[in-house]
Amino acid sequence: MTISEKSKSDKKYVFMGRKRDLKQVDAIAREFNMGGELRIAFGLFLEEEKKNGYGGTLNRRGDFTYEELRQKAQEFLEGI
């Protein structure tokens, strides 16, 4: 495998992982009746949480497990 092939395969993996993350956040947003601007604000809240050191335990990037996302949704809604 050449470096360029490795880069392409890595990008595919990252894209697929990212897509799964967004689907989970969307599912949580639906579960907690967050639509439109509220869903966008929730996503920004999650990114800010990660940036401030309150990320999840799914991986080294600080992504959240599904249960952690549910907890973050409750925290988010309590704070608005």
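Reader: Which residues of α3 are called buried, and what makes a residue buried?

Author: The buried residues of α3 are Glu68, Leu69, Lys72, Ala73 and Phe76. A residue is called buried when its relative accessible area is under 20%, exposed when it is over 50%, and partly exposed in between, with a 1.4 Å probe and protein chains only. The model is predicted, so that local features need pLDDT of at least 70 and side-chain atom pairs count only at pLDDT 80 or more, while totals for chains, interfaces and linings use all residues. Residues are numbered from 1 along each chain as its sequence is written, and side-chain values use heavy atoms, with hydrogens and water left out.

Reader: How do you know that the buried residues of α3 line one face of the helix?

Author: Seen down the axis of α3, these residues fall within an arc of 145°, so they line one face. The arc is taken over the directions from the helix axis to the C-beta atoms. On the face turned away from this buried side, α3 carries the exposed residues Glu67 and Glu78.

Reader: What makes the length of α3 agree with that of a helix?

Author: The expected span is 1.5 Å times one less than the number of residues. For the 13 residues of α3 (residues 66–78) this gives 18 Å, and the end C-alpha atoms are 19 Å apart, which agrees. Helices here are DSSP runs of H or I with at least four residues, strands are runs of E with at least two, and both are numbered from the N terminus. The protein has three helices and zero strands, and from the N terminus on its elements run α-α-α.

Reader: How does the span of α2 compare with the expected value, and where do its buried residues lie?

Author: With 16 residues, α2 reaches 23 Å from its first C-alpha to its last, close to the expected 22 Å. Its buried residues are Arg39, Phe42, Gly43, Phe45, Leu46 and Glu49. They cover an arc of only 155° around the axis, which puts them on the same side of α2. The face turned away from that side carries the exposed residues Gly36, Glu37, Ile40, Leu44 and Lys51.

Reader: Why is Arg39 called buried or exposed, and which residues does Arg39 touch?

Author: Arg39, in helix α2 (residues 36–51), has a relative accessibility of 19% and therefore counts as buried. Not counting residues up to four places away in sequence, Arg39 touches Leu22, Val25, Asp26, Ala29 and Met34. Contact means heavy atoms within 4.5 Å.

Reader: What makes a set of grid points a pocket, and what lines the largest pocket?

Author: On a 1 Å grid over the protein atoms alone, a pocket is an open set with protein on both sides within 12 Å along at least five of seven lines, whereas a cavity is a set of points where a 1.4 Å probe fits but cannot get out; lining residues have an atom within 4 Å of a point. The largest pocket has a volume of about 220 Å³. Of its 14 lining residues, the closest to the centre are Arg18, Leu22, Val25, Leu46 and Glu47. The elements giving two or more residues to the lining are α1 (3–31) and α2, and α2 gives the most, with six residues. The volume is the space filled by probe spheres set on the points, which are joined across faces, edges and corners.

Reader: Why is Asn33 called buried or exposed, and how is Gly55 classed?

Author: Asn33, in the loop between α1 and α2, has 68% relative accessibility and so counts as exposed. Its phi is near 55°, a positive value in a residue other than glycine. Gly55, in the loop between α2 and α3, has a relative accessible area of 35% and is therefore partly exposed. Gly55 touches Glu49, Lys50, Gly62 and Phe64, not counting residues up to four places away in sequence.
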